[in-house]
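Hi,

Here is the structure I promised to pass on. Have a look at it first, and my notes on the helix packing and the empty space inside follow underneath.

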Amino acid sequence: MTRGDPCERIRYEAGERFARGEKNPVIAKDLRVRERSAERWRRAWRQGEMDALASAGPPKRPKLSDGQYAELEKELALGPAKHGWEDQRCTVARIRAVIA
């Protein structure tokens, strides 16, 4: 699993329930997903069982390299005041500004 991917955990739970013979509508309702998702997962599960439900990773390449990500973590740990803001609120807009 990738970084504790909650979506992957849900797909694996659905796979266990497919193996027990439970119906898609029941699984979808219990897992709070769309019935179409349960149908799609069941098709994948039939072809490759639990391996077919594994995460394929992020849908696109990350915009930051590992080194840039590490540097960003260091900068964010310094806090908003270090980057010129008067209060200590950490907002998405401020994180974007630090990235830029």
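Let me start with a pair of helices: in H1, the residues Ile 10, Glu 13, Ala 14, Arg 17 and Phe 18 meet Asn 24, Val 26, Ile 27, Asp 30 and Leu 31 of H2. Sorted by type, that contact has six nonpolar residues, one polar and three charged. Before I go on, please keep in mind that this is a predicted model.

As for the geometry, H1 covers residues 6–19, and its axis and that of H2 are 11 Å apart, at an angle of about 150°. The crossing of H1 over H2 is right-handed.

Next along is H2 with H3. H2 spans residues 24–31 and H3 residues 35–48, and the two pack at about 120° with 8 Å between their axes. That angle makes H2 and H3 oblique to each other. Their crossing is right-handed. On the H2 side the contact is made by Asn 24, Pro 25, Ile 27 and Ala 28, and on the H3 side by Glu 35, Ala 38, Glu 39 and Arg 42. Here the split is four nonpolar, one polar and three charged. If you are clicking through residues, Asn 24 and Ile 27 are worth selecting: they are among the H2 residues that meet H1, and they also take part in the contact with H3.

Then there is H4 with H5. H4 runs over residues 66–77, and it packs against H5 at about 125°, the axes being 10 Å apart. So this pair is oblique as well, and H4 passes H5 in a right-handed crossing. Leu 72, Glu 75 and Leu 76 of H4 make the contact with Ile 95, Val 98 and Ile 99 of H5. Five of these contact residues are nonpolar, none is polar and one is charged.

Now the empty space. How many cavities of 30 Å³ or more are there? The count comes to one, and the volume of that cavity is about 60 Å³. Its lining is made up of Leu 76, Gly 79, Pro 80, His 83, Trp 85, Cys 90, Arg 94, Ile 95 and Val 98. Which helix gives the largest share of that lining? H5, residues 92–99, does, with three residues. By type, the lining has six nonpolar residues, two polar and one charged.

One link between the two topics: Leu 76, Ile 95 and Val 98 are among the residues that line the cavity, and these three also belong to the contact between H4 and H5. You could show them together when you open the file.

Cheers

Terms used: Residues numbered from 1 in each chain as written. Predicted model: local features only at pLDDT ≥ 70, side-chain atom pairs only at ≥ 80, totals over all residues. Heavy atoms only, no water. 1 Å grid on protein atoms, 1.4 Å probe; cavity = no way out; pocket = protein on both sides within 12 Å on 5 of 7 lines; lining within 4 Å. Points joined across faces, edges and corners; volume = space filled by probe spheres on them. Helix = DSSP H or I, 4+ residues; strand = E, 2+ residues; numbered from the N terminus. Nonpolar A, V, L, I, M, F, W, Y, C, P; charged D, E, K, R; others polar. Axes fitted to C-alpha atoms, helices over the stretch in contact; angles between N-to-C directions. Parallel < 35°, antiparallel > 145°, perpendicular 65-115°, else oblique. Left-handed = near helix turned anticlockwise from the far one by under 90°. Contact = heavy atoms within 4.5 Å.
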